[in-house]
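Visitor: Could you zoom in on a single part for me? I'd like to hear about aromatic rings.

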Amino acid sequence: MKIAVVGTGYVGLVTGTCFAETGNKVTCIDIDKNKVERLSKGEITIYEPGLEKIFLRNLKEERLKFTTDLAEGIKDAVIIFLALPTPPGEDGSADLRYVLGVSSELGKILTDYKVIVDKSTVPVGTAEKVQAAIKENYKGEFDVVSNPEFLREGVAVDDFMKPDRVVVGTRSERAKKLMSDLYAPFVRQGNPVIFMDEKSAELTKYAANSFLATKISFMNEIAQLCERLGADVDMVRRGIGSDDRIGKRFLFPGIGYGGSCFPKDVQALIRSSDDSKYDFKILKAVEQVNDLQKLHLIPKIKTYFNNGLKGKRFALWGLAFKPNTDDIREAPALYLIEALTAEGAVVVAFDPEAMLNVKKMIGDKIEYAENQYGALDKADALIIATEWSEFRTPDFDMINSRLKNKVIFDGRNLFDVTYISDLGYHYESIGRPKAT
């Protein structure tokens, strides 16, 4: 099948590459000439484990190509995916200017039946707006479908190739047949393609991400309570996670969620609810809890150093909002950096993938180490903000020899409290007993 993907950001590039991997001819379209040139030469523009290998293979076998020309890119395509940014506005609502702008342009160049698919995360009612934008200039046949993505950064290729489910919002039998054929190779093991109306599909994406964010904020609230009552959140997590009705995933407490999806989608659903004259109280609390949780380590750090952080040197392990990505959008580490430097502290950071992105954002506000142990030199304490695998079993002899004080503030609960205590560390984590 011939497919076009408009937008070569994270979702667009993963989508286009994975569809090409199953034999489709895919043309990806982007207005950024420099990016298109780099991609066409085989230079991948995002970090995502496992993507580069199949990207290069499909580029070589000419199933995947890139262009800046919208008309050329969609000319032979049966299905056109819109994978465009929908950044939050000042009021939290999703900004649809890119989605609707491209839709309007499509209306000027369509000549035959196409299925236009909203792959971007968009508010309920967007499919109708896209349809109206196209109809302004095109009177022929077409269908607009909602097909939200459920990709997790760091495992996006596996998520796409082996989806838990595929959600498709359309009431058109013609579009339904095309979407069924397109996704058939991805659901051979029986995982469902769930068809529904467009509005329900649009809301499904927001509901899914908001529910997961709610689980995270709930566990962070439980962790807060554990610290006050002397309970251990890891024990509580295991106790409730063994209940099939609750499940084990997204129950790990920490210093809050970040990234491109959860914060934006929670905000957008709150805004959509407000616009509908409904007060979504739970989600507003989820957002408030997360905002506070990002700075949960700061009072612990201040207490240990008797509120004297000026001139203190902190090693920071992790900058990305989660491991296996270079994405720093809404990353808790950025909030920690802001709070610490505002107190006059020096921060020396290491992250396997995200340091370049942070340097582009904040420049030399902090120092950057060449490796995780280099960040420790003469540091008064170590702070852990991202749970990269290489941080889980470090060389503690190396840490002891380079860290000025045996002090660790762990925002991701990487280490066993008893083990760290036996090593002689002052160790504070999230929702667990303090090791001193």
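Visitor: Which residues form one aromatic cluster with Phe19?

Guide: Before the rings, some ground rules. This is a predicted model, where local features need pLDDT of at least 70 and side-chain atom pairs count only at pLDDT 80 or more, while totals for chains, interfaces and linings use all residues. Residues are numbered from 1 along each chain as its sequence is written, and side-chain values use heavy atoms, with hydrogens and water left out.

Now the cluster: Phe19 is joined by Phe81, Phe160, Tyr183 and Phe186. Rings of Phe, Tyr and Trp (its six-membered ring) pair if their centres lie within 6.5 Å; planes under 30 degrees apart are stacked, over 60 edge-to-face, and the rest tilted. Searching the whole structure that way turns up 21 aromatic pairs. Phe19 and Phe186 make an edge-to-face one, at 5.7 Å centre to centre with 80° between the planes. Phe19 belongs to helix 1 (residues 10-21) and Phe186 to the loop between helix 8 (173-183) and strand 8 (193-196), so this pair ties together parts 167 residues apart in sequence. Those helices and strands are DSSP runs numbered from the N terminus (H or I, at least four residues; E, at least two). Phe19 has 0% relative accessibility and counts as buried; Phe186, at 5%, is buried too. Buried here means under 20% relative accessible area, with a 1.4 Å probe and protein chains only.

For another geometry, take Tyr138 and Phe142: their ring centres are 6.1 Å apart and the planes sit at 45°, so that pair is tilted. Tyr138 is buried at 9%, and Phe142 is buried at 8%.

Key
Buried means under 20% relative accessible area, exposed over 50%, partly exposed in between (1.4 Å probe, protein chains only).
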